[in-house]
Amino acid sequence: MKIATWNLERALPQSVQAERQRQWFSRIDADIWILTETHLDIAPGEDYYAVASGLPDRPGAEGERWVQIWVKAGDLVPLKTTDAARTAAALLTLASGQQWVVFGTVLPWLESSWQSHPASKGQAFAAALAAQQADWQRLRTTYPEAVLAVAGDFNQDLNALHYYGSRRNKQALRQALDSVRLTCFTAGENDPVHRLIHGQHSNIDHICIASDVATNFQHSFAWPQRLDDLRGLSDHFGIGVEFRFEP
């Protein structure tokens, strides 16, 4: 099982930027994609289908979305979330019978408000995170046999050394993940951006999955390979993880 997330920097579907992104989609060939700051007409491949969030709280080009979840196999059923703009969720049932609850997110960045909450002192981040944490708990309770995966643009590093976000937000995010027994497989020693850029950067896009499947984790990865290669592609590295499950 390969799961990937990527912030596409609001690329327009017919742009050179989007075409370069599509080339990476083909190379990565993930089973599940969580795309952020994306567009309805940008798909990771012809054989994928999606659940999209709305985008009522940010002006932009028609068809822009904060989050889209794409899969190429299995039955995908959209699920309700508290924040219908910056999150999306779906129940994925694979041919094996295994079920996943996939939750895609964009959490507020440092200068971003959220609904009626200002950015100041992390108020927007805290309020949005609390709403999402409640969703994660509700989904775990409703689908106890499914594997919960939360992924997207968290706008917060989770490493010991500070990179982006705030220490307050970092601690709140760690506690929220722990409260629903989620492990972040793209932080710490598994931070693929930190490995690529030799400690100069950390990852703020994350893939967090139910701790129950930690023994199935294989590795994390990021693309492109160099910081210079992001120019004209995106302002975020793409992030992926692989898990191995016995048939």
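How many aromatic pairs does the count come to? The count comes to 12 aromatic pairs, where rings of Phe, Tyr and Trp (its six-membered ring) pair if their centres lie within 6.5 Å, and planes under 30 degrees apart count as stacked, over 60 as edge-to-face and the rest as tilted. The model is predicted, so local features need pLDDT of at least 70 and side-chain atom pairs count only at pLDDT 80 or more, whereas totals for chains, interfaces and linings use all residues. Residues are numbered from 1 along each chain as its sequence is written, and side-chain values use heavy atoms, with hydrogens and water left out.

In one pair, the rings of Phe103 and Trp136 have centres 6.2 Å apart and planes at 90°, so this pair is edge-to-face. It links distant parts of the chain, since Phe103 belongs to strand E7 and Trp136, 33 residues apart from it, to helix H2 (helices, H or I of at least four residues, and strands, E of at least two, are DSSP runs numbered from the N terminus). Both Phe103 and Trp136 are buried, that is, under 20% relative accessible area, with exposed meaning over 50% and partly exposed in between (1.4 Å probe, protein chains only).

Strand E8 (residues 147–153) has seven of its seven residues buried, so it is largely enclosed by the rest of the structure. E8 pairs with E7 (residues 99–106) in the parallel sense over seven bridges, pairing requiring at least two DSSP bridges between two strands, and Val101 stands opposite Leu148 in E8. With strand E10 (residues 205–210), E8 pairs in the antiparallel sense over five bridges, and here Ala151 stands opposite Ile207 in E10.
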